Amino acid sequence: MLSRSVGIAIGNNGVIERTSDGGSTWSARRVDSSKDLFGIAAFDSLRAVCVGEKGAAYCSNDGGLTWVRHTTGTAQTLHCVAILTSVTGQQMGVACGDNGTVVQTWDGGNTWEAPDFGSPSPFDVIDTVTAMASFNGNA
């Protein structure tokens with residue numbers, strides 16, 4: 001949920017559903033893609049990012065009303081995304097997926113970079129506690 005009343009759900013074929021009444025009703029917001037979407041996270045009550053099949057990434061800056069596609073630099077499927085906030089308030093988005101793919105954004109999902117960590121196995125879940133410790137220099 002972006003707030004107590006606004007929430008977003010994602011699914012197959014680029015479907016994004018949005019509620020503004022706490023989940024009583026939902027309206028479809030289809031992005032310009034037939035790619036399946038697998039992960040979603042919010043930076044705040046207005047900014048959210050979702051990721052999916054073949055490196056798809058879409059960002060919203062208006063509480064999920066509209067979505068813009070952004071290039072992640074990978075064609076690998078991204079399964080999850082998390083937003084990490086440092087002790088100084090800086091936010092970083094991290095998405096992970098097939099074949100050890102990890103991409104990150106420092107500007108709300110507008111641009112992504114794909115560092116090579118050399119991991120041979122796919123990531124399916126981001127451990128935000130471990131990631132936060134690393135992000136804050138405590139790991």
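Q: Two strands count as a pair if DSSP finds at least two bridges between them. How many bridges join strand β5 to β6?

A: Start with the general idea. Strands of a sheet pair through backbone hydrogen bonds, either parallel or antiparallel. Now the case here, in a predicted model. Four bridges join β5 (residues 48–52) to β6. The two strands run antiparallel. One place to look is Cys 50, which stands opposite Tyr 58 in β6.

Q: Which strand do three bridges join to β6?

A: That strand is β7, residues 68–70. β6 and β7 run antiparallel. To find a matching pair, take Ala 57: its bridge partner in β7 is His 70.

Q: What elements are there in the protein chain?

A: There are ten strands and one helix. Read from the N terminus, the order is β-β-β-β-β-β-β-β-β-β-α. The helix therefore comes after the strands in that order.

Q: How do I read the two sides of a strand? Which residues of β6 are on one side, and which on the other?

A: In a regular strand the side chains alternate between the two faces of the sheet. In β6 (residues 57–60), Ala 57 and Cys 59 are on one side. Tyr 58 and Ser 60 are on the other. These four residues are all buried, and both faces of β6 are covered.

Q: In what order do three strands form an open sheet?

A: The order is β8-β9-β10, and the pairing is antiparallel. Its edge strands are β8 (78–85) and β10 (102–105), each pairing on one side only. On average, neighbouring strands of this sheet are turned by 20° against each other, direction ignored.

Q: How many bridges join β8 to β9, and how many join β9 to β10?

A: Seven bridges join β8 to β9, residues 91–97. Four join β9 to β10. Follow some partners across. Leu 78 has Gly 97 in β9 as its bridge partner. Val 81 stands opposite Ala 95 in β9. For β10, look at Thr 105, which has Gly 93 opposite.

Q: How many of the seven residues of β9 are buried?

A: Six of the seven are buried, and β9 is mostly covered. Across the protein chain, buried residues make up 42% of the 139 residues.

Q: Is Val 103 buried or exposed?

A: The cut-off for buried is under 20% relative accessible area. Val 103 is at 0%, so it counts as buried. This residue lies in strand β10. Val 103 and Leu 78 are 25 residues apart along the chain, and their C-alpha atoms are separated by 8.9 Å.

Q: What is the share of contacts that join residues at least 24 apart?

A: Take the contacts in the protein chain between residues at least 6 apart in sequence. Of these, 37% join residues at least 24 apart.

Q: Which residues make up the largest nonpolar core?

A: A nonpolar core is a set of buried residues of certain types, joined through side-chain atoms within 4.5 Å. The largest one here has twelve residues, among them Phe 43, Val 49, Ala 57, Leu 78, Ala 95, Val 103 and Trp 112. The elements giving two or more residues to this core are β5, β6 and β8. β8 gives the most, with three residues. Apart from this core lies another, of eleven residues, including Ile 8, Ile 16, Ala 56 and Tyr 58.

Q: What does Ala 57 touch?

A: Leave out residues up to four places away in sequence. Ala 57 then touches Cys 50, Val 51, Val 68, Arg 69, His 70, Thr 72 and Trp 112.

Q: How do I read phi in a turn? Which residue takes a positive phi in the hairpin of β5 and β6?

A: Most residues other than glycine have a negative phi. In this hairpin, with four residues between the strands, Lys 54 takes a positive phi near 55°. Lys 54 is not a glycine. Its relative accessible area is 52%, so Lys 54 is exposed.

Q: Where does Asn 99 lie?

A: Asn 99 lies in the loop between β9 and β10. Asn 99 has a positive phi of about 55° and is not a glycine. With a relative accessible area of 52%, Asn 99 is exposed.

Q: What is the phi of Gly 89 in the hairpin of β8 and β9?

A: Gly 89 takes a positive phi near 95°. That hairpin has five residues between the strands.

Q: How much area does the protein chain expose?

A: About 7100 Å² is exposed, and carbon and sulfur atoms supply 49% of it.

Notes. Residues numbered from 1 in each chain as written. Predicted model: local features only at pLDDT ≥ 70, side-chain atom pairs only at ≥ 80, totals over all residues. Heavy atoms only, no water. Axes fitted to C-alpha atoms, helices over the stretch in contact; angles between N-to-C directions. Buried < 20%, exposed > 50% of the residue type's maximum accessible area, 1.4 Å probe, protein only. Contact = heavy atoms within 4.5 Å. Areas by Shrake-Rupley, 256 points an atom, 1.4 Å probe, with all protein chains shown as cover.
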